[in-house]
Amino acid sequence: MNISICDQAFQWYKEELQLQRGDYVRFFARYGGCSNVQKGFSLGVNKEEPIDAAVTLEKNGIIFFVEQNDMWYFDGHDLHIEFDEKQNEPVFTYR
């Protein structure tokens with residue numbers, strides 16, 4: 001599994017979460033919502049340090065990651081974080 005993030009989505013997270021070099025952003029499975037990989041679950045986002053990171057992506061000194069105990073959610077798919085200009089927010093796609 002890999003994580004990718006486009007520049008616009010990166011900038012959005014940087015501003016919304018007030019991220020600086022050395023910060024961490026966790027993507028995790030949360031109950032509720034919808035996704036096309038796990039029914040009844042959706043992807044949550046939180047600014048926190050990893051405990052047991054399974055996958056990481058470093059961009060401009062900021063680390064995006066998924067913990068080992070959340071890997072089931074992705075069901076073997078890569079996480080692509082793109083940006084929806086009409087909604088002015090990041091969107092997740094799984095491939």
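These legends describe views of one chain in a predicted model.

**View 1. The whole chain, from end to end.**
The secondary structure comes to 2 helices and 7 strands. Along the sequence, the order is β-α-β-β-β-β-α-β-β. The C-alpha atoms fill a box of roughly 35 × 30 × 20 Å along the principal axes. The chain has 95 residues, for which a compact globule would have a radius of gyration near 12 Å. The chain has 13 Å, which agrees with that value.

**View 2. Inside and contacts.**
How much of the chain is buried? Buried residues make up 37% of the 95 residues. Contacts also join parts of the chain that lie apart in sequence. Of the contacts with a separation of 6 or more, 54% are between residues 24 or more positions apart.

**View 3. Surface and charges.**
The accessible surface of the chain comes to about 5,900 Å². Carbon and sulfur atoms account for 42% of that surface. The chain carries 9 positive and 16 negative charges. How far apart are the mean positions of the two sets of charges? They are 3 Å apart.

**View 4. Tyr13 and Phe27, an aromatic pair.**
The chain holds 11 aromatic pairs. One of them joins Tyr13 and Phe27. Their ring centres are 6.1 Å apart, with 80° between the planes. This arrangement is edge-to-face. The pair links distant parts of the chain. Tyr13 sits in helix H1 (residues 7–16), and Phe27 sits in strand E2 (residues 24–31). In sequence, the two are 14 residues apart. Tyr13 and Phe27 are both buried.

**View 5. Phe74 and Tyr94, an aromatic pair.**
Phe74 and Tyr94 form a tilted pair. The distance is 6.3 Å centre to centre, and the planes make an angle of 50°. Which elements does this pair link? Phe74 belongs to helix H2 (residues 71–74), and Tyr94 belongs to strand E7 (residues 89–94). These distant parts of the chain meet in a pair whose members are 20 residues apart. Are the two residues buried or exposed? Phe74 and Tyr94 are both buried.

**View 6. An aromatic cluster.**
Which residues form one aromatic cluster? The members are Phe10, Trp12, Tyr13, Phe27, Phe64 and Phe92. Tyr13 and Phe27, the edge-to-face pair of View 4, both belong to this cluster.

Note on methods: Residues numbered from 1 in each chain as written. Predicted model: local features only at pLDDT ≥ 70, side-chain atom pairs only at ≥ 80, totals over all residues. Heavy atoms only, no water. Helix = DSSP H or I, 4+ residues; strand = E, 2+ residues; numbered from the N terminus. Rg over C-alpha atoms; globule rule 2.2 N^0.38 Å. Buried < 20%, exposed > 50% of the residue type's maximum accessible area, 1.4 Å probe, protein only. Contact = heavy atoms within 4.5 Å. Areas by Shrake-Rupley, 256 points an atom, 1.4 Å probe, with all protein chains shown as cover. Lys, Arg positive; Asp, Glu negative; His and termini not counted. Charge placed at Lys NZ, Arg CZ, Asp CG, Glu CD. Phe/Tyr/Trp six-rings, centres within 6.5 Å; stacked < 30°, edge-to-face > 60°.
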